[in-house]
Each structure stands twice: as C-alpha cells, then as structure tokens.
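This report walks through one protein chain and the ligand it surrounds, moving from the strands outward. Please keep the sequence and the coordinates at hand while reading.

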Amino acid sequence: MSEVTVVIGAGSIGQAIARRISAGRKVLLADLHQGNAEAAAEVMSDAGFDVSTATVDVSQRASVHQLAETAARLGDVTAVIHAAGVSPSQASPATILAVDLYGTALVLEEFGNVIAAGAAAVVIASQSGHRLGALSAAEDAALATTPADELLSLPMLQPDRVTDSLHAYQLAKRGNSLRVMAEAVRWGKKRARVNTISPGIIITPLAKDELTGPRGEGYRRMIELCPVRRAGTPDEVGTIGALLLGPDAAFITGSDFLMDGGVTASYFYGELAPQ
Ligand SMILES: NC(=O)c1ccc[n+]([C@@H]2O[C@H](COP(=O)([O-])OP(=O)(O)OC[C@H]3O[C@@H](n4cnc5c(N)ncnc54)[C@H](O)[C@@H]3O)[C@@H](O)[C@H]2O)c1
C-alpha cells in the first residue's frame, strides 16, 4: 500500500512542506481553487513527485469528508499538511472564522478518522494567534473541544463580539493551536501525532495581499523591527514541517511552534510593543 501525503491548501507553504517529505509517496494536492492545485501539481510533477489533485472547500463538512475518503482510497494517509486559509485582508470576519477556525476543526475531525498508524499532521496557524490577549480558561476549552458543528455558534464568536477581520484571524489561529492540543489526544489513540506551526510573515501570495492591503504599513514595520529583520520564506516553514512530520519528532504532539523572526518577542518586550 502506498503512503499518501495530503496537502490541503496547495499554496506556497503547503507545497514547501510537501516537497520536503514526499519523495516516494503519493501526494494529493487539494485546494478551493482547482487551478491552484493544478499549478502546484505541475511544478511538483516536473520535480519527480507522484501527484494528483482534488477540489475542497474546508468550510464544508461534506467536501472535507469526501477529500478524506479520496485520500484513504489512494493509500495509507501518513502525512497531512493543512495549509488552507484566508488572511485578514482577503476576507470578512465571518469567512475567516468559517475557513480558518471551523475548517481546521473539520479537517482535524475528518482526517483523524482516516489517519494511519504512525502518521503525523501539521496545521499552519499563525503568529497572530500569539498576539491575541489571554482568553479565559472557559474560552480556551470552548475553542479546543466544542463539537465542530457548534463552534461558530459560540457567543464569543458572534458578530457583536468579533467586528474586524484581524480579530477574527487571531481568534481562529489561537483556536487552531488549542484544537490541535485537544485532537492530539484522540489522534494518539490511533498512534498518530498532530502539531501546529505558527509562522510570522512568510512571503507568499497571501502575505503579499497583507503587505499591500490596509494593514501593509504595520506588516512592513514588523519586518523592519523584528530581531531577525526580514520576512521568512516558505522553505523555512518546510524545514519545521519536515521535522514535525518525521521520525525525529516522534515525542512531539499537541504542540505549537512559533517561528516568526522574533516578531512576537518584540511585540511583548521590544520595539514592536504597542505604544
Ligand atoms: N504567508 C504568511 O505570512 C503566513 C503567516 C502565518 C500563517 N499563514 C497561514 O499559512 C496558511 C497558508 O497560507 P500561504 O501563505 O501559503 O498562502 P497561499 O495563498 O499561498 O495558500 C493558501 C491556499 O489556501 C487556499 N484556500 C483558501 N480558502 C480555502 C478553502 N475554503 N478551502 C480550501 N482551500 C482554501 C487558497 O486557494 C490558497 O491556495 C494559511 O492558513 C495562512 O493563514 C501564512
């Protein structure tokens, strides 16, 4: 039986991680936009990978369920890279919560059902989740464990409480890390692991929308003033992804890896601190 890598969100970060771990495996590239999946498939196929494509909308349960079944038919699903998402400049608060928060909960649930023993997954969260102020213990627990289909009904996520896209994104990404912690328990029963990576600004089409969008100045300031003094690249996320999906991370599950060039450190203790 072949081993299968599933890439959900065949964008820059998803592809970069997949390339690091998928030699000799089948790669299923899934995206909301079939054209994105096909573009990724062409590049990876030209580089020697065994690829196929699928269309998925992670905010629709039936669509995620179908993708999980398609993946399981290809072989043993031993790697899942969940890198689908929309950023604050790309979508409304409601869409961000539906895609980034609910969509991730669906992916973890549906793929947790088909995941093979010994498998691992990574979910791409964000540094944004680290800048959100502390939530109450009850709010943390609600984001971590509320059944997926009830998540978007939580009072803390209603339009009167979440009025802007950045706040929605921060909540969604904090929610991703919490959800992964809770799911790591269930995945462990199948001898599978799951972790989040919380990248800072990584130059991709999504980041370019942020850098040229309404919050562009703030993003450029983060790049200039963070300790590393540059943005990151998808390949650097690929390095952490490869670690977390591989045997060297056999003792790591339910964890979140912040890799942001020190933006969060500077936000709390340096030049990027809010005035
Ligand atoms: N680039 C950054 O600076 C950065 C930083 C932190 C976190 N992230 C996160 O990384 C992930 C990947 O982003 P990227 O930078 O590679 O961007 P990208 O735009 O290259 O890739 C994102 C992909 O997700 C797909 N997508 C969007 N909505 C979808 C849906 N409903 N169902 C399925 N696919 C959908 C898009 O079509 C796109 O191909 C996102 O979750 C993003 O929030 C990015």
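Which residue in β7 is the bridge partner of Ser198? In this predicted model, the partner of Ser198 is Leu258, and this bridge belongs to the pairing between β6, which covers residues 193-199, and β7, two strands that run in the parallel sense and are joined over four bridges.

## The sheet

The pair β6 and β7 is part of an open sheet of seven strands, arranged in the order β3-β2-β1-β4-β5-β6-β7 with parallel pairing. Its edges are formed by β3 (50-55) and β7 (256-259), each of which pairs on one side only. On average, and ignoring direction, neighbouring strands of the sheet are turned by 20° against each other.

Within this order, β4 has β1 on one side and β5 on the other. The pairing of β1 with β4 is parallel and runs over six bridges, and Glu3 has Asp76 of β4 as its bridge partner. On the other side, four bridges join β4 to β5, again in parallel, and here His82 is matched with Val123 of β5. Because six of the seven residues of β4 are buried, this strand is largely enclosed by the rest of the structure.

## Helices on the sheet

Helix α4, made of residues 93-114, packs on the sheet and touches β1 (3-8), β4 (76-82), β5 (120-124) and β6. The direction of α4 makes about 170° with that of β4. Helix α7, made of residues 165-188, lies across β5, β6 and β7 and runs at about 165° to β6. Strands β5 and β6 are thus named among the contacts of α4 and also among the strands that α7 lies across.

## Around the ligand

The ligand is surrounded by 29 residues, of which Gly11, Ala84, Gly85, Thr204 and Leu206 come nearest. Sorted by class, this shell holds 16 nonpolar, 11 polar and two charged residues.

Helices α1 (12-21), α4 and α8 (205-211) each supply at least two residues of the shell, and the most come from α8, which gives three. Helix α4 therefore appears in two settings, since the helix that packs on the sheet is also one of those that supply the shell around the ligand.

## Two loop residues with positive phi

Two arginines have a positive phi. Arg191 has a phi near 60°, a positive value in a residue other than glycine, and lies in the loop between α7 and β6. With 11 other C-beta atoms within 10 Å, Arg191 is exposed, because a residue counts as exposed when 12 or fewer such atoms lie within that distance.

Arg229 likewise is not a glycine, yet has a positive phi of about 60°; its place is the loop between α9 (216-225) and α10 (234-245). Arg229 counts as exposed, with 10 C-beta neighbours inside 10 Å.

## The chain as a whole

The protein chain contains 11 helices and seven strands. Its radius of gyration is 18 Å, close to the 19 Å that the globule rule gives for 275 residues, so the chain is as compact as a globular protein of that length. Along its principal axes, the C-alpha trace spans about 55 × 40 × 35 Å.

Of the 275 residues, 49% count as buried. Among contacts between residues at least 6 apart in sequence, 77% join residues at least 24 apart.

Key:
Residues are numbered from 1 along each chain as its sequence is written. This is a predicted model: local features need pLDDT of at least 70, side-chain atom pairs count only at pLDDT 80 or more; totals for chains, interfaces and linings use all residues. Two strands pair if DSSP finds at least two bridges between them. Axes are lines fitted to C-alpha atoms, for helices over the stretch in contact, and angles run from 0 to 180 degrees between N-to-C directions. Two residues are in contact if their C-beta atoms, placed from the backbone, lie within 7 Å. A residue is near a molecule or strand if its C-beta atom, placed from the backbone, lies within 6 Å of it. Ala, Val, Leu, Ile, Met, Phe, Trp, Tyr, Cys and Pro count as nonpolar, Asp, Glu, Lys and Arg as charged, and the others, Gly among them, as polar. The radius of gyration is taken over C-alpha atoms; the globule rule is 2.2 Å times the number of residues to the power 0.38. A residue is buried if 20 or more other C-beta atoms lie within 10 Å of its own, exposed if 12 or fewer, and partly exposed in between; C-beta atoms are placed from the backbone.
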